[in-house]
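Trainee: Could you take me through one part of this model up close, slowly enough that I can follow along on screen? I'd like to know what it touches and what sits around it.

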Amino acid sequence: MAIRKKRSISLPPDLDDQIAAAAEQAGVTYSAWLAATARKEFVLRAGIAAIADYEHDHGTFTQAELDEANAWADHVLNRSGRSLARKPA
């Protein structure tokens with residue numbers, strides 16, 4: 001059995017309702033949804049830090065490189081049936 005640490009947190013009622021609905025829709029417990037969402041946040045932060053490190057060492061990405069990366073992401077998301085809503089630069 002996995003070890004778990006129990007916490008007590010306070011949330012605004014509207015946020016609590018949104019989390020409960022998202023967990024139900026995903027078919028997981030409230031705690032599992034929060035844990036998965038926190039893990040995603042840490043993955044995003046690590047990715048952002050890695051990009052900053054890369055750009056520090058190699059210079060900022062060119063517009064062509066960014067366009068290529070965005071096209072790749074759109075392709076991958078389209079294949080998965082998802083979309084990437086992006087505001088024009």
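**A close look at helix H2**

Mentor: Let's start at Ala52, which counts as partly exposed at 43% relative accessibility. That label fits because partly exposed runs from 20% to 50%. Keep in mind that you're looking at a predicted model. Ala52 has its place in helix H2, so let's stay with that helix and work outwards.

H2 covers residues 30-58. With 29 residues, H2 reaches 42 Å from its first C-alpha to its last, close to the 42 Å expected at 1.5 Å a residue.

Now go to the start of H2 and find its neighbour, helix H1, at residues 13-26. The two axes come within 9 Å and cross at roughly 95°. That makes H1 roughly perpendicular to H2, because crossing angles from 65 to 115 degrees get that name. Click through the residues that make the contact: on the H1 side you have Asp16, Ile19, Ala20, Ala22, Ala23 and Ala26, and on the H2 side Tyr30, Trp33 and Leu34. What mix of residue types is that? This contact of H1 with H2 has 8 nonpolar residues, no polar ones and 1 charged. The charged one is Asp16 of H1, because Asp counts as charged.

While you're there, look along H1 as well. Its 14 residues should span 20 Å at 1.5 Å a residue, and the end C-alpha atoms agree, at 20 Å apart. Just after H1, Gly27 takes a positive phi of about 75°. Asp17 also belongs to H1, and this residue is exposed, with a relative accessible area of 52%, so it passes the 50% cut-off. Draw a line from Asp17 to His56: the two are 39 residues apart along the chain, and their C-alpha atoms are separated by 41 Å.

Next, travel to the other end of H2. Just after the helix, Gly59 has a positive phi of about 95°. Which rings should you look at around here? Counting rings whose centres lie within 6.5 Å, the model has 1 aromatic pair. The partners are Tyr54 and Phe61, stacked at 5.3 Å centre to centre with 5° between the planes. They get the stacked label because the planes are under 30 degrees apart. Neither ring's residue counts as buried, because Tyr54 is partly exposed at a relative accessible area of 41% and Phe61 is partly exposed at 29%.

Carry on along the chain and you come to helix H3, residues 63-79. For its 17 residues you'd expect 24 Å at 1.5 Å a residue, and the end C-alpha atoms are indeed 24 Å apart. Back to where we began: Ala52 and Gln63 are 11 residues apart in sequence and 16 Å apart in space, C-alpha to C-alpha. Further into H3 you'll find Ala71, partly exposed at 46% relative accessibility. From Ala71 to Ala23 the C-alpha separation is 31 Å, for residues 48 apart along the chain. After H3 comes Gly81, with a positive phi near 80°.

How values were computed. Residues numbered from 1 in each chain as written. Predicted model: local features only at pLDDT ≥ 70, side-chain atom pairs only at ≥ 80, totals over all residues. Heavy atoms only, no water. Phe/Tyr/Trp six-rings, centres within 6.5 Å; stacked < 30°, edge-to-face > 60°. Buried < 20%, exposed > 50% of the residue type's maximum accessible area, 1.4 Å probe, protein only. Axes fitted to C-alpha atoms, helices over the stretch in contact; angles between N-to-C directions. Helix = DSSP H or I, 4+ residues; strand = E, 2+ residues; numbered from the N terminus. Parallel < 35°, antiparallel > 145°, perpendicular 65-115°, else oblique. Contact = heavy atoms within 4.5 Å. Expected span 1.5 Å × (residues − 1).
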